[in-house]
Amino acid sequence: MDTKTHLTALLTDAVAAARTDGSLALDALPTIELERPRDPSHGDWASPVALRLAKEAGRAPREIAQVIVDHLPADPDLAATDIAGPGFINLTLSTSALADILVEAREAGADFGRGAPKGEYVQIEFISANPVGPMHVGHGRWAALGDSLALVMEHAGYEIQREFYLNDEGNQMNIFAESVAERYLELLGRPFDEAQIGYKGAYIRDIARQIIDAEGAVWAEAPVDERRAYFRERSYAQVLENMKSLCDRFGVRFDEWFSEHQLHVPDEGGQTAIQRSIEGLREAGYIFEDDGAIWFRATRFGDEKDRVLVKKDGVATYFAADIAYHDNKFKRGFDRVINIWGADHHGYIPRMMAVVAALGYPDQLEILLGQLVTLMRGGEAVRMSKRTGEMVTFEELIDEVGTDAARYHLVRISSDQQLVFDIEVAKDQSANNPLYYVQYAHARICSILRKAAGVDADAGADIDAIAASLITQTPDFSLLTDESEIALMRKLGSFTELVERAARDRAPFRVAHYAEELAALLHQFYGRCKVVVADDPALTAARLYEIDAARVALRTVLGLIGVSAPTSM
């Protein structure tokens with residue numbers, strides 16, 4: 001039984017005892033709630049149960065709280081109880097109870113803080129991009145947020161599917177193909193039409209040059225339509241491969257790369273997925289026709305106006321494709337779908353919620369909006385790439401700061417806040433860089449363990465093996481009495497709830513904040529406590545155990561952000 005469950009049982013038993021002997025007049029036993037006090041001096045847990053019972057019991061909350069405390073049995077997990085404010089019951093854990101979390105952390109390893117299976121299958125779609133050019137830094141933020149959210153939710157007990165949505169349908173693909181074709185002709189010294197080059201980035205020339213390197217001038221004399229069709233498929237494949245390679249480099253591996261194009265392809269019965277979804281809505285009574293166009297009755301579901309699905313020229317709108325896509329998602333069996341979109345899609349949310357409800361999946365779609373990223377360098381705005389003179393791409397950002405720094409700094413700020421990403425801070429090798437500060441705490445523990453074991457830092461020995469050789473039995477935790485040691489145990493004890501809350505609120509940035517708080521407590525511990533005390537092997541054993549538990553936990557925390565835990569720096 002975990003500590004929270006145990007304390008809940010103790011309070012329930014105390015209320016039951018007070019009810020039985022007449023100290024509290026209650027019709028039934030209440031549900032006991034426990035929460036973490038904001039101020040650590042108020043103990044490890046607090047319960048508002050006395051405030052909730054005041055009306056029923058007809059007494060002041062503080063009186064009720066005193067009755068409950070008086071009926072609490074002596075328990076080795078409780079060091080103290082007190083009544084605070086209007087009637088909160090504060091519970092302070094004993095050192096032995098706090099130390100249990102150290103044992104749990106070391107024994108659980110990567111599963112430390114993992115929740116029980118929720119029985120909920122969740123899809124997170126967190127990048128939607130046109131495969132006509134490089135991914136921008138905004139895509140990088142969605143990648144970091146989406147994958148970290150997936151990792152946190154998986155740790156909390158959800159089953160997760162990660163999806164990338166490719167906007168590979170529409171005229172932009174033709175413009176892309178034409179742009180590459182014209183640059184191809186230009187590079188060959190053949191006549192070309194600058195006006196046909198809709199995408200003018202340097203990457204278009206790069207793609208054209210690669211085609212020349214691979215196939216020469218074979219396409220220069222081909223019919224225009226044939227050349228455009230070939231270049232469309234080849235260039236698309238190349239950009240897609242670059243996207244996949246970049247995501248893989250960033251540590252993000254999607255379960256599905258969903259192509260919008262497939263929604264427009266007729267099936268064996270001659271219908272597209274878009275047409276099938278519209279027919280389903282028609283059968284449900286949510287479709288009408290007006291002025292030659294096909295409309296969805298979005299106002300029935302709270303949207304401000306009805307929406308066109310197929311224009312009078314017979315062309316389906318982008319919204320129609322989105323309907324078919326989400327219909328497809330839920331038919332794949334997801335209990336919940338989470339989309340991460342840019343903030344500029346805010347106005348699109350009501351119609352999407354309306355149609356998902358019309359499809360029969362009310363309250364099963366969540367949309368998280370991510371604000372823009374502003375790149376800075378030492379406090380100065382960065383607007384252009386030094387290499388190309390165009391926008392700074394996601395790949396260029398990774399090239400400069402590295403995957404760890406990019407992921408950490410892109411995820412540590414809530415998605416609903418605009419992110420200022422300072423490249424120089426992300427690269428800084430000092431405590432001014434939050435990532436360095438956290439990773440250094442982990443490396444510092446590893447250094448202490450190596451020194452305690454007499455292992456050279458360059459020997460390449462496995463740190464888990466070193467820890468196992470040093471820690472062969474459970475030490476005397478009662479020796480851990482310094483306030484920094486107690487604070488560290490308390491912080492480790494809150495990790496499971498942190499994971500649960502971060503998953504519930506779709507807030508992976510809280511994991512980064514937790515990592516920084518844990519690192520700060522570790523650095524405070526180092527400043528106050530010598531780990532290896534030559535004339536006190538028992539205290540040394542206890543402190544080695546505690547810092548190794550913190551190492552295992554910090555490695556797990558960093559893993560939930562997709563960041564490495566270096567053993568030396």
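A crossing of two helices is left-handed if the near helix is turned anticlockwise from the far one by less than a right angle, and right-handed if it is turned clockwise. You'll need that in the first exercise.

Before you start: this is a predicted model, where local features need pLDDT of at least 70, side-chain atom pairs count only at pLDDT 80 or more, and totals for chains, interfaces and linings use all residues. Residues are numbered from 1 along each chain as its sequence is written, and side-chain values use heavy atoms, with hydrogens and water left out.

**Exercise 1. Describe how helix α16 packs against helix α20.**

Step 1: Find the helices. Helices (H or I, at least four residues) and strands (E, at least two) are DSSP runs, numbered from the N terminus. Here α16 covers residues 463–470 and α20 covers residues 537–559.

Step 2: Get the geometry. Axes are lines fitted to C-alpha atoms, for helices over the stretch in contact, and angles run from 0 to 180 degrees between N-to-C directions. The two axes are 11 Å apart, at an angle of about 155 degrees. That makes α16 roughly antiparallel to α20. (Angles under 35 degrees count as roughly parallel, over 145 as roughly antiparallel, 65 to 115 as roughly perpendicular and the rest as oblique.)

Step 3: Give the handedness. α16 and α20 cross in a left-handed way.

Step 4: List who touches whom. Contact means heavy atoms within 4.5 Å. From α16 you get I463, D464 and A467, and from α20 D548, R551 and R555.

Step 5: Sort those residues. Ala, Val, Leu, Ile, Met, Phe, Trp, Tyr, Cys and Pro count as nonpolar, Asp, Glu, Lys and Arg as charged, and the others, Gly among them, as polar. The α16–α20 contact has 2 nonpolar, no polar and 4 charged residues.

**Exercise 2. Now do the same for helix α13 and helix α15.**

Step 1: Take α13 at residues 403–411 and α15 at residues 434–453; their axes come within 9 Å and cross at roughly 115 degrees. So α13 is roughly perpendicular to α15.

Step 2: Check the hand: α13 passes α15 in a right-handed crossing.

Step 3: Name the contact residues. α13 brings D404, A405, Y408 and H409, while α15 brings P434, L435, V438 and Q439. Sorted, the residues of this α13–α15 contact are 5 nonpolar, 2 polar and 1 charged.

**Exercise 3. Classify two aromatic pairs, F164 with W257 and F495 with Y514.**

Step 1: Know the rule. Rings of Phe, Tyr and Trp (its six-membered ring) pair if their centres lie within 6.5 Å; planes under 30 degrees apart count as stacked, over 60 as edge-to-face and the rest as tilted. The structure has 25 such pairs.

Step 2: F164 and W257 sit 4.3 Å centre to centre with 20 degrees between the planes, and the pair is stacked. F164 is in strand β5 (residues 159–166) and W257 in strand β6 (residues 256–259), so the pair ties together parts 93 residues apart in sequence.

Step 3: Are these two buried or exposed? Buried means under 20% relative accessible area, exposed over 50%, partly exposed in between (1.4 Å probe, protein chains only). F164 and W257 are both buried.

Step 4: For F495 and Y514, the ring centres are 5.3 Å apart and the planes are at 40 degrees, so this pair is tilted. F495 belongs to helix α18 (residues 495–504) and Y514 to helix α19 (residues 509–528), 19 residues apart. Both F495 and Y514 are buried.

**Exercise 4. Work out the surroundings of P48 and R332.**

Step 1: P48 sits in the loop between β1 (45–47) and α2 (49–57). With a relative accessible area of 6%, P48 is buried.

Step 2: Skipping neighbours within four places in sequence, P48 touches E33, E35 and F88. P48 and P61 are 13 residues apart in sequence and 9.0 Å apart in space, C-alpha to C-alpha.

Step 3: R332 sits in the loop between α10 and β10 (336–342). At 30% relative accessibility, R332 is partly exposed.

Step 4: Leaving out neighbours within four places in sequence, R332 contacts Q123, Q161, E163, E256, F258 and Y325. The C-alpha atoms of R332 and E35 are 38 Å apart, with their positions 297 residues apart along the chain.
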